[in-house]
Amino acid sequence: MALDNLSIARILGEIGDMLELKGDNPFKIRAYRNAADSVANNPDPVAGLDAAQLRDWSGIGKDLSAKIVEICASGTCGIYQDLVAHFPPSLLELLRLQGVGPKTVALLYGELQIASLDDLEAAAKSGRLRALKGMGAKKEQLLLRSLEERKQHANRHLLADAAGVAGKLVDHLLSHVPGATFEVVGSVRRGTDTCGDIDILATVASAGAGADGATAAVMNVFTSYHLVERVLAHGETKSSVLVRGGYQADLRLVATASRGAAQQYFTGSKAHNIALRDRALERGLRLNEYGLFRAADDCRLAGETEESIYAALELAWIPPELREMRGEFEAAAERRLPQLLKLGDLRGDLHMHTTATDGKEELEAMVLAARDAGLEYIAITDHSKALAMANGLDETRALAHAARIREIDARIDGIRVLAGIECDILPDGSMDLAADCLAQLDIVIASIHSAMRQEEAEITARIIRAIEHPYVDIVAHPTNRALLRRESTRMNIDQVATAAAAHGVALEINCQIDRLDLSDIHARLARERGVKLVISSDAHSRGALALKRWGVVVARRAWATPADVLNTLPFEDFRRALRRNRAKAA
């Protein structure tokens, strides 16, 4: 069976990692990583494309296209096999630790034969790392903290990754058992930013030709999925497997009459389910994964749909994203649940990069891709000069880039393009570019990329100073978290949100799958303080424009409606709503 895009991208990315460990050519390393991003973000299957078709993609030349074809055909390629023979596979796990780069990993492996996380932990606890040049006690403690953080996130996966694996599993099941229905439940359905196990429900019609055969086939099809590495359990109504990448997936077969009850029960959250069961008990009823029953005579009252269960308990149906015991029962009982934001409500995308800094696509290619994706407007926001590793723009380059953006805006029909910048907030809270430069742009996003370990009061004051700057319109990825890798910066989000509301500055929900920043809890606090949100992809390639769906999930979990999100507005209304233009109007 053909490899999926994520599996191909993983191999390309690991080639890039191992080449970096070898100290290979930086351009070659970047080429493999860019190819991995392109494959992972492409909505169409890569397997089956020939080398000529692959060379039409940006950044994929003759050599890389041949490697991808080889991977699709055999599941591996020559350079990957050579590198794996040279490096223990466990060495790649060290690269994923916060604060550990290729030079450090190469040093650890070369000098102390540290080839795994367990090796590193033992060496750090015994004090052996201090003997290495450039280490010392402080670095040793930082590594131990990174190892501890990784343990806390063990067996967790990013929402988008878990949803991708779940979607592939469901596609596999549907292709082999078309007479059944399959639904992803659990934390993936609720949209939590990280997920543990993948939970899938299967239902087979209880009557009709082929029903018995379909029932018998479901579990066999599930356990025979080509990416299953180990079958953990194989039963008639429940099976569990370990899927490549460390994902445990559970499949449960439920009766049609219990489908809604099972959906509700296995979606969770645990706290929501307990409260719902208590509500049933208060009414002389009994609720479980099989249905809602009258306790006195065990008569079934509901169970085939979720809506019927909530209705029988005198509640409006509660969207899965809200089932976290954060006031949803009171709102459902009083029929005041919000009309949550949908992906189709977004008209614009306000944060993206091009080859002017660290993006992978030329300016015009990004604009055309955004138009083809149905967006009405975008902002091009390349980095400012403090981010030297991204080839950030100084004042002269920023204004020249803005002129090119405006030329594109005037020339290309069907989309409006704003000339902006993602401007660094320096450690003292000042902006990286001069005010007279920022004043000449259409939109300015402020963000932090350095000195992230400042104390809470320092970080809070730093962001508030940026919010007070007259030409800052949006603060991007405000808490700088990197899910499963790095905790949020220490800041007082209430003070930041209060300042943002006072100055008319929007806060971003960044849609990069390892950011989702603001979080759902922080986004809800912000909107309750009167702050407008924006949902932006932070795309560095055409394919990454599709990441907006994950920011919408965060916004829904924050109880956000279209009115809470600036980039649901038509272009001219959006432009008038920006802080700089509201200030002019006032």
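Trainee: Why is M325 called partly exposed?

Mentor: M325 has a relative accessible area of 42%. Buried means under 20% relative accessible area, exposed means over 50%, and partly exposed is what falls in between (1.4 Å probe, protein chains only). The value of 42% falls in between, so M325 is called partly exposed. The model is a predicted one, in which local features need pLDDT of at least 70, side-chain atom pairs count only at pLDDT 80 or more, and totals for chains, interfaces and linings use all residues. Residues are numbered from 1 along each chain as its sequence is written, and side-chain values use heavy atoms, with hydrogens and water left out.

Trainee: What sign does the phi of M325 have?

Mentor: Phi is positive, about 55°, although M325 is not a glycine. M325 sits in the loop between α15 (306–312) and α16 (328–333). Helices (H or I, at least four residues) and strands (E, at least two) are DSSP runs, numbered from the N terminus.

Trainee: Why is A451 called partly exposed?

Mentor: Its relative accessible area is 36%, which is between the two cut-offs, so A451 is called partly exposed. A451 also has a positive phi, about 50°, although it is not a glycine. Its place is the loop between β14 (443–447) and α20 (456–468).

Trainee: Which kind of peptide bond, cis or trans, runs from G268 to S269?

Mentor: That bond is cis, with omega near 0°. S269 belongs to the loop between α13 (259–267) and α14 (270–282).

Trainee: What is omega for the peptide bond that joins D517 and L518?

Mentor: Omega is about 15°, and the bond is cis. L518 is in the loop between β16 (506–510) and α22 (520–528).
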